Every structure is written in structure tokens, then in C-alpha cells.
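Subject: Structure handover

Hello,

Here is the structure I promised to pass on. Please open it first, then read my notes below.

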Amino acid sequence: MARRTKLEARETRERLLDAAQSVFRQRGVTRTTLAEIATAAGVTRGAVYWHFKDKAALFHAMCERATLPLDALFERAGETASTAPLATLRDLCVGALQRLAADARTQAVFEVIFHKTELVDELADIATSHQDERCQCLGQIEAIIRRCAEVGELAPDIDAPLAAQGLNALMVGIMHEWVLDPSAYDLASAAPALIDAFLAGLKERPPRRATRAMPRVRAKTIVA
């Protein structure tokens, strides 16, 4: 009986997440109420509060469910980055784009995140969480780029933080625009070429760390 109850609770939670994803996508996060999500899921509003403290917690859980596979990509990248960092970076980026192209749930959630969310009022704390996750992602990418420089795959004086910002902007920009119109092009097949173009630029014309100019020393006048 306990196992059945636990299974039913899990199924209810998944229905709520599915309903939130659908209603958020239709109406936007700010304009959606928990009562509307409960109705779409076929449960009472009390059932929503049983699983989630508030709409922000429900929104966070919906995002987390879709991004867990992407988190797994980063974890696997950490295991291979020391020996083949550039190939790891390429696989990480291509894999993330191809995951988006292949998974309808990820597409729906990214559409909500990019285009149907205002991180204000009750969702203000989510903005802080997203910023923390962004900084963590940038840190991981930067570490791989630094490793590329250490093993000679990229220039030793590459500006790793700036390169990481550029690659992150490319990835976010592709995802942001593609979910608006998935029919524009085949993202899964285009992903390798999109990433290779950027990595080729890092090899040939990388951003370089600014060299600090040495202070000019004024020669002393020797008085006889």
C-alpha cells in the first residue's frame, strides 16, 4: 500500500509538472495561477501545495526536470576534459544543442524560460538562482578552455574568461532563437558546424589576455 501511495504521489507530481509546462507556455508564467495548473492536471489546488510550496517552486522543478540531462553532459565532460579538452568542449556544446533539438519537453521548457517568463515579484528568487547557474556554467567552460591552453590545443595566452563568455553567448543565442521557430533549420544536423565555426575562430584568432605595459623608468641625470 505504501509503495502504491508513493507511486501515485510521483504520478501526480509529474502531471502537475506537465500541466505547468503546458499552461506556462500558453499564458506565460506571471499570468498563470496555481488553480489553473491544478485544473489542467485534473487535481485539486491542495494537491499542488502538497508537492510545491508556491508557483516559484513549481516553476523551478519544471525547469530542473528538463535540464537534468544537460547537467549530466557537464558531469561527463569533467571526466574527459583533462585528456582531450577541446574535443570534450565540442562534444558538450554539440550534445546540448542536439538534446534540445531531439526532446520536445526541453524545447517547451526553454521556450517558457526564454520567452514566457518575467523574473519579478514571486519569481524574483529564480533570477538569482539562474544567475548562480550561469556563473557555474561559465566557470566550467572557462576551466576547459584553460585546460586546452595548457595542453597546447589553444593559444597559451588565450583570454579564457572572454572566450567562455563568447561561447556561452553563442549557445544561448542559438537556443533562444531556434525555439521560436524550430522549422527554420535542422538544429541537430547543423549543431556540429555551428560549434566548429566558433572553435575554429578560437584556434586561429583567439581573444588574448592583455599584456600589462612595463612602466617606463626615467633615466637619472648624473651630476659630475
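Start at Asp71, which is partly exposed because its relative accessibility is 36%. Asp71 sits in helix H4. Keep in mind that this is a predicted model.

Asp71 belongs to a negative surface patch. The other members are Glu64, Glu75, Glu79, Asp132 and Glu133. Which helix gives the largest share of the patch? That is H4, with four residues. Both H4 and helix H7 (124–150) supply at least two residues each.

Now the aromatic rings. The structure holds two aromatic pairs. One of them joins Phe24 and Phe59, edge-to-face. Their centres are 6.1 Å apart, with 65 degrees between the planes. Phe24 lies in helix H1 (residues 2–27) and Phe59 in helix H4 (residues 55–80), so this pair ties together parts that are 35 residues apart in sequence. Are these two rings on buried or exposed residues? Phe24 is buried, at 0% relative accessibility. Phe59 is buried too, with a relative accessible area of 0%.

Phe110 and Phe114 form a pair as well. The ring centres lie 5.7 Å apart and the planes stand at 80 degrees, so this pair is edge-to-face. Both residues lie in helix H6 (residues 104–115). Phe110 and Phe114 are four residues apart, about one turn of the helix. Phe110 counts as buried because its relative accessibility is 9%, under the 20% cut-off. Phe114, at 24%, counts as partly exposed.

Best wishes

Conventions:
Residues are numbered from 1 along each chain as its sequence is written. This is a predicted model: local features need pLDDT of at least 70, side-chain atom pairs count only at pLDDT 80 or more; totals for chains, interfaces and linings use all residues. Side-chain values use heavy atoms; hydrogens and water are left out. Rings of Phe, Tyr and Trp (its six-membered ring) pair if their centres lie within 6.5 Å; planes under 30 degrees apart count as stacked, over 60 as edge-to-face and the rest as tilted. Buried means under 20% relative accessible area, exposed over 50%, partly exposed in between (1.4 Å probe, protein chains only). Patches are made of residues with over 30% relative accessible area and no salt bridge: like charges are joined within 9 Å, nonpolar side chains (Val, Leu, Ile, Met, Phe, Trp, Tyr) within 5 Å. Accessible areas come from the Shrake-Rupley method with a 1.4 Å probe; for residues, only the protein chains shown count as cover. A salt bridge is a side-chain nitrogen of Lys or Arg within 4 Å of a carboxyl oxygen of Asp or Glu. Lys and Arg count as positive and Asp and Glu as negative; His and the chain ends are not counted. The place of a charge is taken as NZ of Lys, CZ of Arg, CG of Asp or CD of Glu.
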